[in-house]
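Work through the exercises below with the sequence and coordinates open. Each task is followed by a worked solution.

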Amino acid sequence: MFLTNQWYCVALSSEVTDKPFRRIVCNEPLLLYRNTESKVVTLEDRCSHRQAPLSTGEVIGNNIQCKYHGFVFDNGGRCIHIPHQNSIPERAHISSYPVQEKWGFVWVWKGVNAEANINQIPDLHWTEKKGRSPVYIYFHVKANHQLVADNLLDISHADYLHSDTLGSKSGVMNGPQPDRVEFRTWDEGNKVHSFRKLTNVEVASFPKKWGGFKKNVDRTNIQMWEAPNTVHVHLEFENTENKILINHDHIMTPETETTTHYFMDFTRDFGISGTEYPTDADVYQEQYSVISGDDLPMVESQQENIHLYNGVVDVPVKADKLISAVHRRLADMYTKQGVSIPSYVLVQR
Amino acid sequence: MFLTNQWYCVALSSEVTDKPFRRIVCNEPLLLYRNTESKVVTLEDRCSHRQAPLSTGEVIGNNIQCKYHGFVFDNGGRCIHIPHQNSIPERAHISSYPVQEKWGFVWVWKGVNAEANINQIPDLHWTEKKGRSPVYIYFHVKANHQLVADNLLDISHADYLHSDTLGSKSGVMNGPQPDRVEFRTWDEGNKVHSFRKLTNVEVASFPKKWGGFKKNVDRTNIQMWEAPNTVHVHLEFENTENKILINHDHIMTPETETTTHYFMDFTRDFGISGTEYPTDADVYQEQYSVISGDDLPMVESQQENIHLYNGVVDVPVKADKLISAVHRRLADMYTKQGVSIPSYVLVQR
Amino acid sequence: MFLTNQWYCVALSSEVTDKPFRRIVCNEPLLLYRNTESKVVTLEDRCSHRQAPLSTGEVIGNNIQCKYHGFVFDNGGRCIHIPHQNSIPERAHISSYPVQEKWGFVWVWKGVNAEANINQIPDLHWTEKKGRSPVYIYFHVKANHQLVADNLLDISHADYLHSDTLGSKSGVMNGPQPDRVEFRTWDEGNKVHSFRKLTNVEVASFPKKWGGFKKNVDRTNIQMWEAPNTVHVHLEFENTENKILINHDHIMTPETETTTHYFMDFTRDFGISGTEYPTDADVYQEQYSVISGDDLPMVESQQENIHLYNGVVDVPVKADKLISAVHRRLADMYTKQGVSIPSYVLVQR
């Protein structure tokens, strides 16, 4: 079971064109295409007649024609043509979904259509900030969406999983410790926040190159979560030599219970001339290789272990304060919706 | 559950030789081979001893020897040799099946052996007609057999799915309409028939080449269904320039609930000299590419959608009269057999 | 369900190094590595924190560090470090398993740790015999472990399945019979034994090359089974020209209900100079090709047939006396353990 009455991110803007596009979201196939005004249309991806996927058909003007027997549906899912037949049965119409394009992503409302509220779409305004050049990436992940989200909610994983690229081995047994570790979590309306600052730590290879750092840095990250599963990460690397700033967003949408659509954007306040390192292509390559090389194998192997060690329960620690706060919030939402709390949402109160 | 007391087509004649051949039919593995008189033998594909597939063994004269421990079975499934042992337990014998070779296909009776009636095998005499040269093709399909059959029972799909090759966009929204559309369906004994004629329609690329047509044609097709799932299609393209005639048969046999053995023959009254276009090789290539390129991806994607949109129900239209008539017939047969009607058989009365 | 309080062979000694190694045994993932004293450590392959596999982590001295967030566990599974946190929750410790390295294999006790008894590890002393050079092989098999074991308990399969390499077609229908077939089975403490001797039979290509035989031979094999599933085979080929002797062991460990880890060693009293045929490399190549070419496809196809012919029951014959004796023993063990007898263990009393 998934949360309803939510905006789910279903595609990067660049993925949706005037050619029909199929994506399974919360176990249900969706059809996406742009109409003649370049607005995104979202329908069930099935012809009512015989369940053929409309996404194998043809967009004709604002409508979609089924490839199998030529039925035509309009933007609202109304069947408007059946070959060699004048009357159209009421049951022939299919569902359409409220859809909005914002911040470079396509968001679809899954729930009661009349209750769709555009203000609920996460505010990712840094993607449009002057002097920033957002880079967008899509990943398909063979793991439950919450495992992918938790990976981002516990940023301490960067110290180990990404010790060679983004993090630095902080808190290692018998190793050098940072001068100071600050970490706090708080709620703000619909959002859950956290602040973590490590003072005087080694700088890993990527921020080293980005900021031209030679000495240790202070590493700050501020996170912001909102439902159904968007994690905003604000990242700072700073010392007497330089200070660099990154805002990136990670949006996890369930495809099924055990597979996830993972969308991200990455914005920075350096290297945006388009020619100097890091260019957009450099950023894409770096982020793609770290996430597909480190994070995704990890969450996919967690998923396999959870399956094999059926019923085993996590041991949350101090670094999991944000995960725990988010899980409590999610548990309340599932309960309010009248469905049982998924096993991926561990709650300790 | 599948229909019993039926002849199921299990192989093209050319597939069965004196080497053992395994094919799963209605969830059960069958062993097929030709004996010394070239007659087809059909047994369970398992040694009674330890369930090794006999199809990995060796045909020795009329018998089959298991590869694992050397047990020997005769044409009737009787175990006639156990190495180093004189007595043969009664339980060591395996089942054999009534089998007939006809019209270039191998038909196996699944049901009560004593009730096998050769007259129930479909009459496909055009395959032996003088001046015809039948072309045979086998396809393995990842979809329920009824989805494959329904594709052939609703020939109107040719207008769209095969608009570039076999059909022509007839009945397209706001497009040119045929002068006349005739369509009727009727029962005749064990068979269900339909007649469909489109007057004055564009001719698609394949019949254009076959008949040398330059102008619009009248397109007639007569279909004939019989249990468990054979669809005969009689096809005519005609205008003042020429008239060509095709008889082709499509036989769908369940491998499992979601996979199908699909056998076909294609006979024509043109291009049978063996040298002029279309040769048998041309026909094989054309039919193979259209069916594996258009039809099979479509029914396999229907199968996937039916799985995802669990419980969704089709919306039959006028063009589905033949499908509906056949489904009613099938529903009666399943009911008579005392099993529930499969969800693939939609019945509206 | 699997037998408990047993030593399961989980790896060849050569497979376990100071790099972490994952192997699923009886449905449970195990982590194996060598500590600073080269002793094998065996833990659950999961970090208690978030179920990440520890095998993707790093061995640091005697400990293992999780790759995800840097948790550290010692040889006994005790969590000894959580980054940026002093207290370690009791629930953070994971299980360790008694482990022994013997005869070139790694054996893990699955059951009550305190009841682990080293004397229960099978005695395979021929692997250490002077003048022998054991060759070790590992296979992964897509079949239940008992199907693999039964293949070895009924050595008569060599007469057919390996007629070209190891056996010879003995007992073939209407063929030449051996002068004499002796076959007996008996119990000895925890072991079940059998003796089978064929007098004056053809010699197949492998023993022919090994012993330089030109004439028929007497073929003797003595087998010895012990729980959970080790089969020792003592093999002799003898005539007036020569006599050669082989001891080989086959150890079947369940990965899951339908997949098996299959370990073997092969020792011989000929060709052990290291230069003359057969060298260890020759032996490896011959055994690997026969087992992966003949035996594994056979048991995997049995597994598929057992699945398709759901509920079918074997027909044991005289040659199956050892299988039957072992199955009775296994049935008693499962019953004593209070679990139902698996369908792979057929019992006739």
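**Exercise 1.** In this predicted model, decide whether Cys26(B) is buried or exposed, then describe its backbone.

Solution. Count the C-beta atoms around Cys26(B): 21 others lie within 10 Å. The cut-off for a buried residue is 20 or more, so Cys26(B) is buried. Next, locate Cys26(B): it sits in the loop between strand 2 (21-25) and strand 3 (28-34) of chain B. Finally, read phi, which is positive at about 50° although Cys26(B) is not a glycine.

**Exercise 2.** Classify His84(C) by its C-beta neighbours and give the sign of its phi.

Solution. His84(C) has 19 C-beta neighbours inside 10 Å. A buried residue needs 20 or more and an exposed one 12 or fewer, so His84(C) counts as partly exposed. Its phi is positive, near 60°, in a residue other than glycine. His84(C) belongs to the loop between strand 8 (79-81) and strand 9 (99-102) of chain C.

**Exercise 3.** Find how chain A is laid on chain B and name the relation between the two copies.

Solution. A turn of 120° with a shift of 0.0 Å along the axis lays chain A on chain B, with an RMSD of 0.0 Å. The two copies are therefore related as by a three-fold rotation axis.

**Exercise 4.** Which residues have the most contacts inside the largest nonpolar core?

Solution. The core holds 240 residues, and Leu32(A), Leu32(B) and Leu32(C) have the most contacts inside it. Taking Leu32(B), list the residues it touches beyond four places in sequence: among them are Val10(B), Phe21(B), Val40(B) and Val106(B).

How values were computed. Residues are numbered from 1 along each chain as its sequence is written. Chains are lettered from A and ligands numbered from 1 in the order in which they are written. This is a predicted model: local features need pLDDT of at least 70, side-chain atom pairs count only at pLDDT 80 or more; totals for chains, interfaces and linings use all residues. Copies are superposed by least squares on the C-alpha atoms of residues with pLDDT of at least 70 in both. A nonpolar core is a set of buried Ala, Val, Leu, Ile, Met, Phe, Trp, Tyr and Cys residues joined through C-beta atoms within 7 Å. Two residues are in contact if their C-beta atoms, placed from the backbone, lie within 7 Å. Helices (H or I, at least four residues) and strands (E, at least two) are DSSP runs, numbered from the N terminus.
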